[in-house]
Number of protein chains: 2
Amino acid sequence: MNIITIERKVLEKNDEVANLNRALFKQHGVFSFNLVSSPGSGKTSILERTLEHLNGKIKIGVIEGDVQTNFDAERMAKYNIPVVQIVTRGGCHLDAPLVQAALQKIDMKNIELIIIENVGNLVCPANYDLGEKMKIVVASTTEGDDKPLKYPGIFRNASALIINKIDLLPFINCNLELLRHNALTINPQLTVFETSCTTKAGIPEWCDWILCKISK
Amino acid sequence: MNIITIERKVLEKNDEVANLNRALFKQHGVFSFNLVSSPGSGKTSILERTLEHLNGKIKIGVIEGDVQTNFDAERMAKYNIPVVQIVTRGGCHLDAPLVQAALQKIDMKNIELIIIENVGNLVCPANYDLGEKMKIVVASTTEGDDKPLKYPGIFRNASALIINKIDLLPFINCNLELLRHNALTINPQLTVFETSCTTKAGIPEWCDWILCKISK
């Protein structure tokens, strides 16, 4: 029982700081996404295609979360935008205080959208509010069509689902319609995009949706 | 500081029960694997191919760990072996007490190998000893070649690495030699297998290794 109490306190503390982050985003009129997925489903590639497509249209800052290495931040460097790398050193998710510290290194006055790329983990990040406006879950076709049912938490808490790597569908055993159906069974409110970072399919639609959300 | 203390106590309690599990395996001469990977890298498919290949050669029992659903246990049912499903209901890893409870439902006298399929998560399961003889990490080619460096914990603690989905290499941007090199940089002791559950490539080698380990 002690452990449960402590965990609740950790989440309460997290939520307090998440509210501060949310207030900071609001104060500066900054929209924010928290991008969550399994390792290797293509979060960083989607970010790259997004930055290329939205280049010059809006001012974007990126917070990269990784268990180890700053490879992802290095991949962002070529876009000449503000990037902060958080290395959790074994930690399985980002939390609001980590994001708060990262936000202090970004000049929010010159930003319209902050994209937070979480640690690759379909379980733990679902429970941590970072103060973001929306969680976006990425599921790649290579992971199979059953993932929304097996890992429902993040699909329930997300506003949109990006089904990535659709170019690989001819070579794998994944039923795209079933994947979409399973996701919408868990969360009927999900907006669903189908993308390939190789062919760039679906990237314009996803980016148009971002622009629409930001302009609201 | 309180939280760290509590976490240490949780791990200490886990390790106590892991030692009991280990003693139970030893008492019955049962070998045991703890299969760890990202969601959708093919753990259950590898299990299916393994059970088909080793059919009749050794007596195998399976413990399936999932955040939600008993789909994986259902996939095992056709092999007519003892299967116990653990549903963590949001929990991000198996722990030793969960496995202890599952082991009580298996007649250990009639088993030579227990394979534990952990929750799909490349981070948290790395830190939890279940009492297993060896951790086996699965990384699929579609996840990219940088995963050992980005999620070093489980690669450090594993005895073998199964690189799965090698049939997809012609269609994706993954350098197999680099993936292997990155894994061996983290852990030079790793035995590495390259498999495809579609073509069955590498399955005989992996199964021979299992038989060799069990006979020792």
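Here are a few questions and answers about how chain A and chain B meet in this predicted model, and about two residues of chain B.

Reader: How much area do chain A and chain B bury between them?
Author: People often give the size of an interface as the accessible area lost when the parts come together. Here the contact draws on 33 residues from chain A and 33 residues from chain B. Carbon and sulfur atoms hold 68% of the buried area, and the total is about 2700 Å².

Reader: Which side chain does Asp66(A) meet in a salt bridge?
Author: The rule picks out 4 salt bridges across the interface of chain A and chain B. In one of them, the N to O distance is 3.6 Å, and the partner of Asp66(A) is Lys150(B).

Reader: Which elements give two or more residues to the side of chain A that touches chain B?
Author: By class, that side of chain A has 17 nonpolar, 9 polar and 7 charged residues. The elements of chain A that give two or more residues to it are helix H1 (2-27), helix H3 (71-77) and helix H5 (147-150).

Reader: Is Asn80(B) buried or exposed?
Author: Asn80(B) sits in the loop between helix H3 (71-77) and strand S3 (83-87) of chain B. Its relative accessibility is 74%, and the cut-off is over 50%, so Asn80(B) counts as exposed.

Reader: What is the phi of Arg89(B) near?
Author: Most residues other than glycine have a negative phi. Arg89(B), in the loop between S3 and helix H4 (96-103) of chain B, isn't a glycine, yet its phi is positive, near 50°.

Key: Residues are numbered from 1 along each chain as its sequence is written. Chains are lettered from A and ligands numbered from 1 in the order in which they are written. This is a predicted model: local features need pLDDT of at least 70, side-chain atom pairs count only at pLDDT 80 or more; totals for chains, interfaces and linings use all residues. Side-chain values use heavy atoms; hydrogens and water are left out. Contact means heavy atoms within 4.5 Å. Buried area is the accessible area (1.4 Å probe) that two parts lose on being put together, summed over both. Helices (H or I, at least four residues) and strands (E, at least two) are DSSP runs, numbered from the N terminus. Ala, Val, Leu, Ile, Met, Phe, Trp, Tyr, Cys and Pro count as nonpolar, Asp, Glu, Lys and Arg as charged, and the others, Gly among them, as polar. Buried means under 20% relative accessible area, exposed over 50%, partly exposed in between (1.4 Å probe, protein chains only).
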